[in-house]
Amino acid sequence: MASVFLYHVVGDLTVGKPELVEFTETQTVEAAIKAIGESTECGIPVWKTRSQKGMIENAEMRRKRFVGILNSLDIVAFLAREECLADQEKAMKTPVSEVLLPDNSLLKELDPATRLIDALEMMKQGVKRLLVPKSVVWRGMSKRFSILYNGKWLKNIDTSNPAANANRPSTSSPLPIRDKFCCLSREDIIRFIIGCLGALAPIPLSSIYSLGIINPNYCSIEASRPAIDATQKLPSDPPAVAVIDPMADDYNKIIGEISATKLWKCDYLAAAWALANFSAGQFVMGVEDNISPSSLPDFSVNSMVTNANTANSRGGIVRPKKFSSRSIGFVSNPTNSSLSVSRSMYRGRSAPLTCKETSSLAAVMAQMLSHRATHVWVTDADNDDHLVGVVGYADILAAVTRPLPTTNPETHSCSSMLINQA
């Protein structure tokens, strides 16, 4: 196991993280859509309202108030219900408590001095968020090296004997700010890891196949089936359903996905209508691939668009918007309407994020971070159409925390050279 996880603490990752603003279960779906657009991992923690304002809570009280994590796929699935489509305004005003499936095991409160390796082990077991108390600036050394000095663990400074502390750095624990927290996601952990690739060599340069982290038990739906069928049992990790075409040689070809990542910043009402009315293939490829614009129903949806020129606006200004695959956000180049419609023309954002079995772990992590994705679909090394599995955050954490294999000098030298060049 890399020493970088033993000698760093959770507090090291909280530098620059904003203070947590609790989103309560009494707030509306409309408010949740706005909050999710500004979140990480396409979802937000949801809390029960405090029973008494100003009351100081302990960790157990906060744990009981945490409800679960609401993501964009949950909301689109809710809005695609028949009763919600019949009255969209009422649906948008629905409290999120009626949408979210409670699961308070997804969040864990940790002290800033908790070792990073312990936090990773919790996330490997299913924790998706870490609640960490905000603290004042660490005195003496930087937070990154606050608990390590010359390779040894240090005790707190003995304030009664200043002379004994004159020749060593200050490592006193930071003072927590009462009832102020920040929230770390698995994306934050991966960003930290990708900055420490040299310390993890040769694992980052190993293929995901050789590391054995490809998960073959992914959720999928055939392209010809109704898209709404994908919401019958929503997957939790990753929150994604592959849209596939079964091929003659008994393998699946992925043509798209219905996921929280793809729906993260879309037009939720338009996406919900499409999810309820089209096949999975039509939904992910863009409806113009199969249906002419003239045959679309004549209706408008309320696209929540906030006026950028209005500072401190009291609410989003809604304006009517006709449904199309452009409104969902699945179009790569919609500006030239004179071009003939083709299947490949509208792939754009609907194209799934894929890699090969032979892709390195470092490359997969870079893909996920650059696309703000929670997962990457894996295809066969010799056939891009052959879907073999998926790699998510939990799989990556399992790979980087395993014991490091013995490396020969040539491999280590090559790894260091590649990292320095990057």
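Three bridges join β9 to β10, and these two strands run parallel. I begin with this pair, in what is a predicted model. One position in the pairing can be named: E222 has I244, in β10, as its bridge partner.

The pair belongs to an open sheet of three strands, in the order β9-β10-β11, and the pairing in that sheet is mixed. Its edge strands are β9 and β11, the latter covering 252-259, and each of them pairs on one side only. From one strand to the next, the twist averages 35°.

Let us now look at the connection between the two strands with which I opened. The loop between β9, at 220-222, and β10, at 240-246, contains P238. What kind of peptide bond joins D237 and P238? The bond is cis, with omega at about -5°.

A second cis peptide bond may be described alongside that one. This bond runs from A201 to P202, and its omega is near 10°. P202 is likewise placed in a loop, here the one between α8 (197-200) and α9 (208-211).

I turn next to a residue whose backbone deserves a remark, R372. Its phi is near 50°, which is a positive value in a residue other than glycine. On the chain, R372 is found in the loop between α13, spanning 361-370, and β15, spanning 375-379. Is the residue buried, exposed or partly exposed? R372 has a relative accessibility of 25%, and therefore counts as partly exposed. The reasoning rests on the limits used here: under 20% would be buried and over 50% exposed.

My last residue is T94, which sits in the loop between α5 (88-92) and β4 (107-109). Here the same limits lead to another class: T94 is buried, because its relative accessible area is 10%, and buried means under 20%.

What surrounds T94? If residues up to four places away in sequence are not counted, T94 touches Q27, T28, V29 and F78. There is also a polar partner in A91: the backbone oxygen of A91 lies 3.0 Å from a polar atom of the T94 side chain.

To close, I would ask colleagues to keep three places in view as they inspect the model. One is the open sheet with the order β9-β10-β11. Another is the pair of cis bonds, from A201 to P202 and between D237 and P238. The remaining place is T94, a buried residue with the backbone oxygen of A91 at 3.0 Å from a polar atom of its side chain.

Terms used
Residues are numbered from 1 along each chain as its sequence is written. This is a predicted model: local features need pLDDT of at least 70, side-chain atom pairs count only at pLDDT 80 or more; totals for chains, interfaces and linings use all residues. Side-chain values use heavy atoms; hydrogens and water are left out. Helices (H or I, at least four residues) and strands (E, at least two) are DSSP runs, numbered from the N terminus. Buried means under 20% relative accessible area, exposed over 50%, partly exposed in between (1.4 Å probe, protein chains only). A polar contact is a pair of N or O atoms within 3.5 Å; within protein, one must be able to donate a hydrogen and the other to accept it, and residues adjacent in sequence count only if both atoms are side-chain atoms. Contact means heavy atoms within 4.5 Å. Two strands pair if DSSP finds at least two bridges between them. Axes are lines fitted to C-alpha atoms, for helices over the stretch in contact, and angles run from 0 to 180 degrees between N-to-C directions.
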